[in-house]
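Here are a few notes to help you find your way around. Please have the sequence and the model open side by side as you read.

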Amino acid sequence: MKTPENANEKFVEFIAKKKFYAENHSPNISDEKLRPILTEKINEVATDFKQIAESEKPTDEKYQEAIRIGLLKFPEMELRYDSEDRERILLYFQEIMDIVGLQSSNGKLNDFYYGFDPNTVNKKN
């Protein structure tokens, strides 16, 4: 994969912006105590992506592994966030993926949100 020229600038902007506040159609975070925790975790994911992007050979496999590891940073039972918080987390993951032009998480984001990838479920007639 070729890293977009402005990726570093976009990572810096992403990491610096305030997260988990009400914006557009997204509500505020369900519990104010979660905001700094979730912000730190999503910024760690962005930093991991930034390191891959700056590496000599960024690959889809490296980004996929960063997604897998990044999602493990958000244990729902431990942090007790709701579905809207989970959706916001995924929107931030997608924003990070967009910075490097990664088209797919190979079902990892769906699996995180739904507990399975609906794209792989066989539909019965």
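1. Contact here means heavy atoms within 4.5 Å. With that in hand, start at F74: leaving out residues up to four places away in sequence, F74 touches L38, K41, I42, V45, L79, Y81, I89, F93 and F112. This is a predicted model, in which local features need pLDDT of at least 70, side-chain atom pairs count only at pLDDT 80 or more, and totals for chains, interfaces and linings use all residues. Residues are numbered from 1 along each chain as its sequence is written, and side-chain values use heavy atoms, with hydrogens and water left out.

2. Where does F74 lie? F74 sits in the loop between α3 and α4 (76-79); helices are DSSP runs of H or I with at least four residues, numbered from the N terminus. F74 is buried, at a relative accessible area of 2%, where buried means under 20% (1.4 Å probe, protein chains only). From F74 to R86, twelve residues along in sequence, the C-alpha to C-alpha separation is 8.8 Å.

3. Next, the largest nonpolar core, a set of buried Ala, Val, Leu, Ile, Met, Phe, Trp, Tyr and Cys residues joined through side-chain atoms within 4.5 Å. This core has 31 residues, and F11, L38, I42, F49, F74 and F93 touch the most other members. Two or more residues each come from α1 (7-16), α2 (34-54), α3 (60-72), α5 (83-100) and α6 (108-114).

4. Do look at I42 as well. Setting aside neighbours within four places in sequence, I42 is in contact with F14, K19, F20, F74, I89, Y92, F93 and I96.

Technical notes:
Buried means under 20% relative accessible area, exposed over 50%, partly exposed in between (1.4 Å probe, protein chains only).
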